[in-house]
Amino acid sequence: MKNVSHLPYGEFMSAIQAQLKLMSKSATIHLEHAQRELSTNKTKNEAAIAGVTRLFQKSQETGRLQDDYKEYLEDAGQRALLTLDTLRRRGDIFYEHEAAGAPPVLIYDYEVVLDGASLARPCNYMLLRITPPEGVEVLEWKRPYVIIDPRAGHGPGIGGFKADSQVGVALADGHPVYFVAFKQMPEPGQTLASVTHAEAQFLREIRRLHPNSPKPVVVGNCQGGWATSILAATNPDLAGPIVLNGSPMAYWSGRIGQDLMRYNGGMLGGVLPAMMMSDLGAGNFDGAHLVFNFEMLNPGRTWFRKYFDLYNDVDDGAQRFLDFERWWGGFYLMTEAEIRWIVETLFVGNKLSKGEARLETGRPIDLKAIRAPIIVFASHGDNITPPQQALNWIVDTYSDETEIEICGQRIIYMVHEQVGHLGIFVSSSVARKEHSQMASTLKTIEALAPGLYEMKIEDIAGHGADKRFTVSFERRKMSDILAIGSIADREDEEAFAAVAHLSEQLAETYDTTWRPLVRPLVTEQMAQTARALHPVRLKRSAFSSRNPSMARVAELAKTVKERRKPAAPDNPFIAAEKLYGDLVEQSWNAMTSLRAMWYESAFFALYAGPWGQWYGASRQAKRARKSTEELRHLPVVVDALHAMERGGLAEAVVRMLVLLANTRSNVRRDRLERSAQLMSTETPFRDMDPATRAKLIHEQTLIAHYERDVGLSTLPKLIPSTEDRQRAIEMVEFVVGSTEEMEPRTVEALNTMRQLLGLGQLQVIPTAAQ
């Protein structure tokens with residue numbers, strides 16, 4: 001490690017220039033954002049003020065101003081009381097939910113299949129089987145779905161929060177659905193390894209219950225995504241396709257000027273706050289701290305707008321508010337060992353993406369070990385898990401897209417333009433479009449050739465629930481993933497290495513100095529009192545019926561509902577109220593923007609300079625990558641190329657399909673569905689088990705990639721008889737479709753194959769590529 005005082009002058013000045021460049025870029029982006037917001041708000045407010053003015057003028061001209069004012073006062077007073085009653089109901093629901101053990105907020109009935117507390121390594125996780133609602137038929141032979149919700153302060157259930165949800169989509173298609181839930185309190189001594197062990201047991205139990213089904217799909221939401229990837233990497237034989245929804249995987253990544261949560265480690269002291277909070281919690285970390293952090297991201301929304309919207313629309317919005325708050329207000333705990341592993345290994349250390357993570361001693365976590373196809377769903381509108389955090393692990397794990405093919409892996413990603421983090425899991429429109437199309441894709445994904453793809457969904461016909469979409473899979477390179485943000489946006493990641501080093505040293509210092517003094521002083525009663533007084537709990541309990549001052553609110557609210565007289569929509573005072581709400585929220589947002597600019601600038605000032613480079617140098621190592629030549633000589637590639645002339649009908653058909661797919665930039669799902677149909681219904685494919693079919697596709701993909709011409713010329717040796725050649729070409733043409741649907745390059749390649757097999761050329765040539 002270089003001593004910063006001994007850095008050559010040129011290197012020292014280069015480091016200073018890079019730091020100033022980052023700080024300048026950050027300030028520019030924040031100021032430009034503030035300017036855009038100011039301009040947008042100015043236009044919006046001028047229009048709103050003009051509208052309010054017109055309404056007041058009209059009210060005055062018609063002599064209704066005084067009546068409108070009285071009507072508004074009555075309406076506002078009634079809404080205020082109903083809002084207070086809704087907050088009272090929220091507080092009561094909070095206590096009822098706590099008293100019941102904080103069960104999952106699923107809208108579906110369920111049964112407990114396996115309780116993690118009963119396992120050899122106990123944990124607080126449970127495997128639930130969702131009971132299909134009346135009128136929904138589940139077919140036991142279909143691939144089961146397993147949904148793992150995030151354990152990030154809140155409780156489980158967000159994936160089945162409403163009918164249009166991940167659970168609802170899978171049930172509607174006839175799949176058995178299982179839910180991995182967890183209890184509010186962890187088991188004593190519980191670790192992340194205990195949880196992963198339990199989740200593996202859950203998958204084994206599901207496979208026992210569905211012996212005739214393919215391996216289950218495992219869907220991980222947010223923090224449940226990295227848990228899913230760890231489960232699949234350490235138990236590659238258990239899971240079918242895995243889906244990572246809004247899941248952070250590359251924790252140092254993000255966009256300068258936008259993704260601020262990643263700076264918390266550096267600004268708050270790395271893992272130290274989690275360790276201290278755990279000690280003050282008598283060995284358990286309170287999830288309410290994480291929820292408070294989420295609320296701090298957008299205080300204008302969570303601390304003002306949410307309540308103003310409730311007040312504004314309390315007649316229709318109260319139940320919707322309470323349903324969401326039942327989930328948002330359920331706070332779950334972790335052991336110190338769990339939260340420390342998560343912060344040190346993932347959020348601060350970024351070891352999962354770098355290939356340095358260990359689940360426990362002797363159990364490394366290598367994302368390359370995942371054999372199941374992977375679908376990643378991210379969104380530009382997600383300020384908790386931006387696309388870079390959801391996708392950059394792919395760039396960090398594999399040398400290039402060719403290595404993905406060599407590993408026999410299929411990685412498909414999809415980036416939404418605007419939906420927010422929670423919208424990925426709870427939005428009805430996302431469930432009807434993205435999640436339903438992912439569910440359809442999962443039926444055929446294993447027929448897709450290994451590689452990196454982007455899933456594209458386009459509107460095609462119909463409206464609402466009857467809307468139908470066209471889906472295609474565009475071949476992608478690593479540069480396409482980096483281009484989603486900006487390649488330059490990774491230039492700030494070196495600063496996080498210094499944070500990782502600092503976090504380690506702070507943890508070691510605390511472990512050997514203050515911790516032995518703090519732990520004996522904290523009792524379980526003190527920890528419970530501290531949890532009860534946490535602000536996010538207090539704002540619920542303070543308005544509950546347990547508060548004597550709320551005693552008459554329920555009775556008064558009942559009377560108000562009976563005499564309710566909403567003001568007219570065109571009442572000028574209602575319009576003025578809405579304008580006031582907008583102005584207050586804009587003020588909050590302006591303060592949040594200033595805080596964000598200061599926060600990011602302070603982080604770069606502390607960690608992005610020469611001192612940060614020196615201090616973090618030992619933590620900047622990236623995963624070793626194989627060169628193109630090394631990849632070419634891997635045993636799996638060499639074995640596939642040596643076997644080019646061995647095989648029969650199956651090898652020939654798959655090789656031709658892969659070669660034809662390589663003539664196009666995308667794979668349409670209808671072709672993929674026909675390929676899956678071929679693989680499951682026609683001999684010799686239908687007699688193969690899934691693993692054999694996957695190996696066959698993998699080998700032929702490698703041949704098509706490395707020895708295209710030789711692979712093509714050896715086709716006649718695989719199928720020497722005219723009968724087999726005719727059957728092979730019929731299978732291939734069934735999958736690729738009519739010539740009118742083909743691109744010219746595809747037709748040319750197909751004609752070449754027909755000639756090699758002595759079958760003559762196609763007669764119809766398309767006039768335009770489709």
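Here are three short exercises on this predicted model, each with a worked solution.

Residues are numbered from 1 along each chain as its sequence is written, and side-chain values use heavy atoms, leaving out hydrogens and water. Local features need pLDDT of at least 70 and side-chain atom pairs count only at pLDDT 80 or more, while totals for chains, interfaces and linings use all residues.

**Exercise 1. Find the buried and exposed residues of helix α26 (residues 635-642), and say what the buried ones pack against.**

Step 1. Helices here are DSSP runs (H or I, at least four residues), numbered from the N terminus. Buried means under 20% relative accessible area and exposed over 50%, with partly exposed in between (1.4 Å probe, protein chains only).

Step 2. In α26, Val-637, Ala-640 and Leu-641 are buried. Because they cover an arc of only 95° around the axis (taken from the directions from the helix axis to the C-beta atoms), they sit on the same side of α26.

Step 3. On the face turned away from that buried side you will find the exposed residues Pro-635, Asp-639 and His-642.

Step 4. The buried residues pack against α14 (401-406), α25 (628-632) and α29 (690-706), where contact means heavy atoms within 4.5 Å.

**Exercise 2. Which helices do the salt-bridge partners Glu-585 and Arg-305 lie in, and are these residues buried or exposed?**

Step 1. A salt bridge is a side-chain nitrogen of Lys or Arg within 4 Å of a carboxyl oxygen of Asp or Glu. The structure holds 52 of them.

Step 2. Glu-585 and Arg-305 meet through their side chains at 3.2 Å, N to O. Glu-585 belongs to helix α23 (residues 572-607) and Arg-305 to helix α9 (residues 299-312), so the pair ties together parts 280 residues apart in sequence.

Step 3. Both partners are buried: Glu-585 has a relative accessible area of 19%, and Arg-305 has 13%.

**Exercise 3. Work out how Arg-340 and Glu-336 are placed in helix α11, and which network they join.**

Step 1. Their side chains form a salt bridge of 3.9 Å, N to O.

Step 2. Arg-340 and Glu-336 are four residues apart in helix α11 (residues 336-348), so about one helical turn separates them. An α-helix has 3.6 residues a turn, so residues three or four places apart point the same way.

Step 3. Glu-336 is buried, with a relative accessible area of 11%.

Step 4. Now widen the view: a network of salt bridges links Asp-279, Glu-336, Arg-340, Glu-344, Asp-511, Arg-515 and Arg-519.

Definitions and conventions
Helices (H or I, at least four residues) and strands (E, at least two) are DSSP runs, numbered from the N terminus.
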